[in-house]
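Subject: Structure handover

Hi,

Here is the structure I said I would pass on. Have a look at it first, and then read my notes underneath.

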Amino acid sequence: MNSTPIRDRRALSRALSRAGNATVSEILRMTSHEGKNCCRRIGLTGPPGAGKSSLIAQLARRRLRRSAELAVVAIDPTSPISGGALLGDRIRMQDIGADPHIYIRSLASRNSSDGLTDNLPGIFEIFDRAGFAELIVETVGTGQVDCMVRNLVDTTVLVLMPGTGDQVQAMKSGILELADIYVLNKADQPGAERAAADLKQTLRRRSSALDSWEPPIVLTSTSDQGGFDRLNDEIDRHQEYLSMNGSCGGLKDRRRASYVSSLVARRVSEVLHELPCDVLTQPTPELYRSVVAQLLPVCSAPHEEQAT
Ligand SMILES: Nc1nc2c(ncn2[C@@H]2O[C@H](COP(=O)(O)OP(=O)(O)O)[C@@H](O)[C@H]2O)c(=O)[nH]1
Ligand SMILES: [Mg+2]
């Protein structure tokens with residue numbers, strides 16, 4: 001595809017940092033004008049080490065054939081155990097990092113269980129407004145974050161690998177229900193075919209009453225370029241499915257509702273944090289009223305500003 005290189009990377013980086021550190025009040029001011037909201041979003045999730053970053057490095061060039069500019073957002077846990085993961089991501093993605101049409105941003109999930117300290121929806125909106133046609137986000141595969149990410153992307157890809165009981169873990173945390181495409185990566189390793197068959201069996205039991213999309217299972221491995229091509233095609237097929245079924249509008253409504261819900265939750269914890277200690281000793285109904293009273297001024301701020 002004919003494309004222009006990303007224009008101002010430094011301005012984009014600054015805007016993303018501002019969004020990542022913004023308070024709820026600042027976020028509401030930043031997002032008072034709706035973005036174009038037409039950036040296609042693909043989420044890759046799955047346990048650490050399954051090969052998500054390696055897959056993104058392979059997928060990115062293929063996606064660029066469909067979009068002029070591609071954003072890649074890699075979210076990693078902020079923990080001493082996986083502290084090296086961000087560096088690992090950068091190494092795995094360094095091949096694509098030099099591409100003038102690809103913008104990569106690594107984010108630490110900090111201590112939040114839902115990834116929202118990084119204001120992920122706000123960060124995605126910045127890519128929207130900057131005119132990116134497509135965005136790939138990599139998240140760490142632990143329950144809450146995955147559920148949240150599903151609310152933020154169009155296509156959720158769950159990446160698993162053979163021989164680790166990943167499917168069982170995924171089932172336990174409920175994420176097996178949530179993916180649009182399943183990838184069994186490291187198909188070069190023993191037990192891949194077996195794991196794919198088990199996964200197929202498990203998915204058969206999944207309720208398909210909600211929609212007519214049947215999630216495919218794609219086997220991938222660094223030693224077979226064909227698997228990456230198939231994954232790329234399945235992503236296209238899912239995006240076509242969404243637009244043919246008019247699901248895009250519903251997805252965007254769900255996305256906005258989830259964003260607002262997370263902002264309210266975050267504002268409540270901001271308010272509780274700011275309250276003087278003596279207010280915290282009040283009986284529950286009074287404390288509740290104090291918190292609610294503090295929420296309202298922030299909600300009305302953007303309108304007041306627009307009116308002036
Ligand atoms: N054997 C094999 N190893 C792979 C494959 N894909 C990735 N890896 C390796 O698996 C490790 C974890 O990969 P990474 O992409 O960082 O996983 P992530 O934590 O899910 O992002 C790295 O050492 C990769 O080189 C594959 O297809 N086959
Ligand atoms: Mg990674």
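Below is what I found, going from the whole chain to the strands, then a helix pair, then a few single residues.

**The chain overall**

Keep in mind that this is a predicted model. The chain has 308 residues, and 47% of them count as buried. Its secondary structure comes to 12 helices and 7 strands. If you take the contacts in the chain with a separation of 6 or more, 78% of them are between residues 24 or more positions apart.

**The strands**

I'd start with strand β1, residues 40-45, because β1 pairs with both β4 and β5. In β1 itself, 5 of the 6 residues are buried.

Take the β4 side to begin with. Strand β4 covers residues 134-138, and β1 and β4 run parallel, joined by 5 bridges. If you want a place to look, R40 sits opposite E134 in β4. How many of the residues of β4 are buried? The count is 5 of 5. Both faces of β4 are covered: E134, I136 and E138 are buried on one side, and L135 and V137 are buried on the other. Note that E134 and E138 are on that list of buried residues.

Now the β5 side. β1 and β5 are also parallel, with 4 bridges between them. L44 stands opposite V157 in β5, and T45 stands opposite L158 in β5.

Strand β5 spans residues 155-160, and 6 of its 6 residues are buried. As for its two faces, T155, V157 and V159 are on one side and T156, L158 and L160 on the other, and all of them are buried. So V157, the residue facing L44, belongs to one side of β5, while L158, the residue facing T45, belongs to the other.

β5 has a further parallel partner in strand β6, residues 181-184, and 4 bridges join β5 to β6. One pair to click on there is L160, which stands opposite L184 in β6.

**Helices α1 and α5**

Next come helix α1 (residues 9-21) and helix α5 (residues 120-129), whose axes come within 8 Å and cross at roughly 155°. With that angle over 145 degrees, α1 is roughly antiparallel to α5. The crossing of α1 and α5 is right-handed.

Which residues make the contact? From α1 they are L12, A15, L16, A19 and G20, and from α5 they are I123, I126 and F127. By type, the residues of this contact split into 7 nonpolar, 1 polar and no charged.

Two residues of α5 are worth a separate look. One is I123, in helix α5. Is I123 buried or exposed? Its relative accessibility is 1%, so I123 counts as buried. I123 is also 105 residues away from R18 in sequence, yet their C-alpha atoms are 9.2 Å apart in space.

The other is E125, also in helix α5. E125 has a relative accessible area of 15% and is therefore buried, the cut-off being under 20%. Which residues does E125 touch, once its neighbours within four places in sequence are set aside? They are T31, R41 and Y259. R41 falls within the residue range of β1 (40-45), which takes you back to the strand we began with.

**Two more residues**

K186 has a positive phi of about 60°, although it is not a glycine. You'll find K186 in the loop between β6 and α8 (192-204). With a relative accessibility of 24%, K186 counts as partly exposed.

Finally, A108 lies in strand β3, residues 102-108. A108 counts as partly exposed too, at 29% relative accessibility. A108 and I75 are 33 residues apart in sequence, and their C-alpha atoms are 5.6 Å apart in space.

That's everything from my side for now.

Cheers

Methods: Residues are numbered from 1 along each chain as its sequence is written. Chains are lettered from A and ligands numbered from 1 in the order in which they are written. This is a predicted model: local features need pLDDT of at least 70, side-chain atom pairs count only at pLDDT 80 or more; totals for chains, interfaces and linings use all residues. Side-chain values use heavy atoms; hydrogens and water are left out. Buried means under 20% relative accessible area, exposed over 50%, partly exposed in between (1.4 Å probe, protein chains only). Two strands pair if DSSP finds at least two bridges between them. Axes are lines fitted to C-alpha atoms, for helices over the stretch in contact, and angles run from 0 to 180 degrees between N-to-C directions. Angles under 35 degrees count as roughly parallel, over 145 as roughly antiparallel, 65 to 115 as roughly perpendicular and the rest as oblique. A crossing is left-handed if the near helix is turned anticlockwise from the far one by less than a right angle, and right-handed if clockwise. Contact means heavy atoms within 4.5 Å. Ala, Val, Leu, Ile, Met, Phe, Trp, Tyr, Cys and Pro count as nonpolar, Asp, Glu, Lys and Arg as charged, and the others, Gly among them, as polar.
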